[in-house]
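Student: Could you zoom in on one packing contact here and walk me through its geometry? Then tell me how that part sits in the chain as a whole.

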Amino acid sequence: RPQRWTVPSHKPRITVLNSSEDFLALIDGLLEDEGPYDVTTDTMDDSSIGEVVRSRPELVIADVATVDQDADRLLSQLLDAPELREVKVILTSPASPAVRDKLAPFTRDPRVVPLPKPFTAAALEELVARLLPGSDG
């Protein structure tokens, strides 16, 4: 009689970074409801790169309202961390030319996918599903 093998289900891990608790709750609810994702959220104010690494994300969504030293440092650390070298980053930010210009050094990295604000829930869902091959989201 043939043996049946079951493949353990795997929910892709996403870490969402933002300084606003409201934004974190909104994105967490959207991703948890609409897709089979394991979502971790953290405020950028007290987030360290170590916390992001420990969450073992397959995708990071980083929301940057302004590009200041803290955002610049966090984005640099995300892209430079050896443990995250295979991780894609969705970078949400205002669509202003000033912010776009300041983010240019980061968006040149092929792992970074910009998503200008305002964006729709459908646009975020489609992008997440595209960047997480094998997910049903």
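Tutor: Let's fix one term up front: a contact means heavy atoms within 4.5 Å. This is a predicted model, where local features need pLDDT of at least 70 and side-chain atom pairs count only at pLDDT 80 or more, while totals for chains, interfaces and linings use all residues. Residues are numbered from 1 along each chain as its sequence is written, and side-chain values use heavy atoms, leaving out hydrogens and water.

Now the close-up: H1 covers residues 21-34 and H5 covers residues 121-131. Both labels come from DSSP runs numbered from the N terminus (H or I, at least four residues, for helices; E, at least two, for strands). Their axes come within 11 Å and cross at roughly 60 degrees; axes here are lines fitted to C-alpha atoms over the stretch in contact, with angles from 0 to 180 degrees between N-to-C directions. H1 and H5 are therefore oblique to each other, given that under 35 degrees is roughly parallel, over 145 roughly antiparallel, 65 to 115 roughly perpendicular and the rest oblique.

On the H1 side, Ile27, Leu30, Leu31 and Glu34 meet Ala121, Leu124, Glu125 and Val128 of H5. That set splits into six nonpolar, no polar and two charged residues, with Ala, Val, Leu, Ile, Met, Phe, Trp, Tyr, Cys and Pro counted as nonpolar, Asp, Glu, Lys and Arg as charged, and the others, Gly among them, as polar.

Zooming out, the chain has five helices and five strands, in the order β-α-β-α-β-α-β-α-β-α. Of the contacts with a separation of 6 or more, 70% join residues 24 or more positions apart.
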